[in-house]
Amino acid sequence: MANLTLELELERKKICQIAKNCNLDFFETIFELINYDQISQFASYGGFPVRYPHWRFGMEYEQLSKSYEYGLSKIYEMVINTDPCYAYLMEGNSMMDQKLVMAHVYGHCDFFKNNIWFSKTNRKMMDQMANHATRIRRYIDRYGYETVEKFIDTCLSLENLIDRHSILNSAPSFKPAKNELRESDYTFAVEKSYMQHYINPPAELEKQKQLQIERMRVKTRFPEEPVKDILSFLIQFAPLEEWQQDVLAIIKDESYYFAPQGMTKTMNEGWASYWHSHMMTKHILNDSEIIDFADHHSGTTFMKMGGYNPYKVGIELMRDIEQRWNKGKFGRDWENCDDVRERKNWDKKTGLGRDKIFEVRKIYNDVTFIDEFLTEEFCVKNKMFVYKLDKETNKFVVDTTNFKAIKSQLLFQLANFGQPIIKIEDANFENRGELLLVHSHEGLDLQPNYMDQSMRNLFAIWKRPINLVTMMENEGAMFRFDGKNYTKHNLSDSKDPEMKD
Amino acid sequence: MAIREDQNRFKSIVKGKVREDFKRFVTNGEMIGKREDEFVKIPLPKIDIPTFRFGAKEKEQGVGQGDGDNGQPQQGQGQSGSGQGEAGENPGEHILEVEISLEELAEILGEKLELPNIQPKGSSQMITEKNRYSGIAPVGPEGLRKFKQTYKKALARYISSGAYNPDDPKIVPIRRDYQYRTVKKTQSPHTKAVVIYMMDVSGSMGDEQKEIVRLESFWINTWLKKHYKGLETRFIIHDASAKEVSEDVFFKTSESGGTLISSAYKLCQQIIQTDYPTSDWNIYPFHFSDGDNWSGEDTRLCMQLLKEFFLPNVNVFSYGQVESKYGSGQFLKDLQKEFLDDQRMTLSQIESRDKILDSIKDFLGKGK
């Protein structure tokens, strides 16, 4: 086992056993004791010891290490989703902190292993990342630093154009629209069979058939269905050199690797916090550590005015679910009960709480988690609200404490994980090989200057004009970058950003 | 370490040495952190990789928690709901509070700077004697008994006499072990100094100009406070009229209006006359402005004040002028005309953010 001190190793064994007794089920977890500089490095690499060379890791590192050096922030724990799991402890943290981190980490590891959204992740990502690094270094040697770096920047600009829900599916395949020639497309419906020759004379029929074939050749749409997994599509169909294809594939792989972590942030942190709190207070802490623990724990789950803390929302929801299922506050009787007092004293002694939260951690992600378990009572109890920016005073004000509004706001923030939904509608737009993208507008405009640049980057890969249909200031608009000029056409006819052809 | 490569690459991109195409995505943000009792404002360059993302509106709305009714304002700004996107990618990381600093901080703090021309002053060079309970004596009143020291002594006695039993580590101190706090006299020569910051917050100073002034005065203030114990500071902001403000307000305020520089000088004069007799104090006024004074009349008044009151009475008068689109920058030229060779006046021009460090060196660099 790694380089833990004897004291820490003894604690680790103890905590590992306690975690197992709590029915947590995790891959072997290897703890490494490292100093702040190493932890800053690993953290800037997303937890991995080796990544491909890129300045943005340097940027992260600069920020993390500087803010640590000036005492402004501190990373307590880091764990990566691999088998075995690797987790890092920082030298010089107090014993209580280390124990807390270990307990927390076992919570994460259990979540990684059992949550369904992680079921398809590559558990050997450590090797994979090192592999990526080697490949990119090789390209750098061959094509030059700046060339490769520029291309990586271009790819990173499109990094979020993946289909997060396809994580559980197998590799996507893109097909052109089915092109079967149907008789009904060029014949007229005939009620009585004896009218057939009159309505559809054979000579005319043949002519119509040829016309239809011609029409279909023009109209063939590709891809058949709008494509959300734009990165995979580009890898397959964009006119890229082999190394570029590979780089794009690397970016895509890593993007998909991190996606489930973004999709389950609230649950994952809630779950780990739930367990560290349970294990620490019930089994691990000694008397002298309790104050420090309470201090640290409340620091972690503290929700700033007007802030959203996934740790806080996660752990409170987990506890709420446990409590509800313990008391039988679910099902039809509960839903139909309107009596406030009865609801308050509701206790059917079902005792299913623990089982329920284990089930929850297995099959939910943040969106379904909030959708299903955020209740009005929970919002009231936790004093949740929706805030808005008051333009006049430039201050955030409480907009409403209405339950529905809170829920829809939260879900909106989480839906597609805070990213706009953009799909490839047509890869042969206007029959000129242009790309047509459609942004499903759900109330928020895209940021114009970033959109402009991202389209340029997309052009650099697709090498044909890029068109994007979206809404800007309540008007449907099509933006177009043709390699030289960036233009905007208003789609005056409708508010619906769908293109009709 | 491989990360150093990436770090250096990032730094050279930010400095614009390579990749010109990236320059427009470099943002010069800064953050205010709180260290101990002081606010720390740290510049933080970042490069944003452009992606398809939501516009500013997204940040205008979110879910929060706490007491509050409809319409009630929230504390703080910009702490909008996150938990999506970038922030959510790495669940393993857990950061308590993030504020970032730059190498400039280290550079400035490490720089050999000094308050120029500082003289031993203050209650006629009196040596102050301070009583501090930092000594230890074997006798004293029970109220001042130091438990820890007493325990240590007793423990040492137990161990050396072989009476210590690790399984039953009971220690009973005897009279001989008792230790007490006692007064220790410390002597220190006294030099008193006051720094008075004046900032032009008039309408002609754009956000960028104010920011530069704040950054510069902040760094000067931080550095001086660190190196001169007991340094007093006063803060004045002015547009057409001047008022004294707290440090906190000075670094945060934004106002607008016309500019009458003399108003600040008058207030500064008043502060000096009432609180800081020149015989006892080293006095360092700093004034920052875009140099766009309202009228020649007022400028003449300023010159008069400088000549007749400030220069004879203060150690050094420092004037920093930040370049502005709207300002004429005339004031600096006027000062140069009058006082170019005067040792008691330091002038500095701050063209942009990047020149802040140079300007600080102008003011506090050694060899003035």
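Which residue's side chain meets that of Glu297(B) in a salt bridge? In this predicted model, the partner is Arg300(B), with a nitrogen-to-oxygen separation of 3.4 Å. Both residues belong to helix α7 of chain B, which spans residues 296–313, and they are spaced 3 residues apart, about one turn of the helix. Glu297(B) is classed as exposed, with a relative accessibility of 55%, and Arg300(B) is likewise classed as exposed, at 53%. Salt bridges with shared partners also link Glu430(A), Arg432(A), Glu434(A) and Arg480(A) into one network. Over all chains, the structure contains 30 salt bridges.

A further salt bridge was found in chain A, where the side chains of Glu11(A) and Lys14(A) meet at 3.7 Å, N to O. These residues are 3 apart in helix α1 of chain A (residues 6–21), so about one helical turn separates them. Glu11(A) is buried, with 14% relative accessibility, whereas Lys14(A) is partly exposed, its relative accessible area being 39%.

A salt bridge between chains was identified for Glu146(A) and Arg9(B), whose closest N and O atoms are 3.5 Å apart. Because Glu146(A) is located in helix α6 of chain A (residues 145–156) and Arg9(B) in helix α1 of chain B (residues 2–14), the pair joins two chains. Glu146(A) is partly exposed at 36% relative accessibility, while Arg9(B) is buried at 14%.

Chain B as a whole was then considered. Its secondary structure consists of 9 helices and 11 strands. Of the 368 residues in this chain, 47% are buried. The area exposed by chain B is about 18900 Å², of which carbon and sulfur atoms contribute 48%. When contacts within chain B are restricted to residues at least 6 apart in sequence, 76% of them connect residues at least 24 apart.

Strand β7 of chain B (residues 232–238) has 6 of its 7 residues buried, and it is therefore largely enclosed by the rest of the structure. Strand β7(B) has a parallel pairing with strand β6 of chain B (residues 193–200), made over 7 bridges. Within strand β7(B), His238(B) is the residue opposite Asp200(B). Strand β7(B) also pairs with strand β8 of chain B (residues 242–245), here in the antiparallel sense and over 4 bridges. Phe235(B) has Val245(B) in β8(B) as its bridge partner. The connection from β7(B) to β8(B) is a hairpin of 3 residues. In a regular strand, side chains alternate between the two faces of the sheet.

An acidic residue outside these strands, Asp177(B), was examined in its local surroundings. Asp177(B) is found in the loop that runs between α3 (147–161) and β5 (180–189) of chain B. Despite this loop position, Asp177(B) has a relative accessible area of 2% and is buried, since the cut-off for a buried residue is under 20%. The side chain of Asp177(B) makes a polar contact of 2.7 Å with that of Arg157(B). With residues up to four places away in sequence left out, Asp177(B) touches Thr150(B), Lys153(B), Ala154(B), Arg157(B) and Val172(B). Arg157(B) thus appears both among the residues touched by Asp177(B) and as the partner in the polar contact.

Conventions: Residues numbered from 1 in each chain as written. Chains lettered and ligands numbered in written order. Predicted model: local features only at pLDDT ≥ 70, side-chain atom pairs only at ≥ 80, totals over all residues. Heavy atoms only, no water. Buried < 20%, exposed > 50% of the residue type's maximum accessible area, 1.4 Å probe, protein only. Contact = heavy atoms within 4.5 Å. Areas by Shrake-Rupley, 256 points an atom, 1.4 Å probe, with all protein chains shown as cover. Polar contact = N/O pair within 3.5 Å; in protein donor to acceptor, adjacent residues only side chain to side chain. Salt bridge = Lys/Arg side-chain N within 4 Å of Asp/Glu carboxyl O. Pairing = 2+ DSSP bridges.
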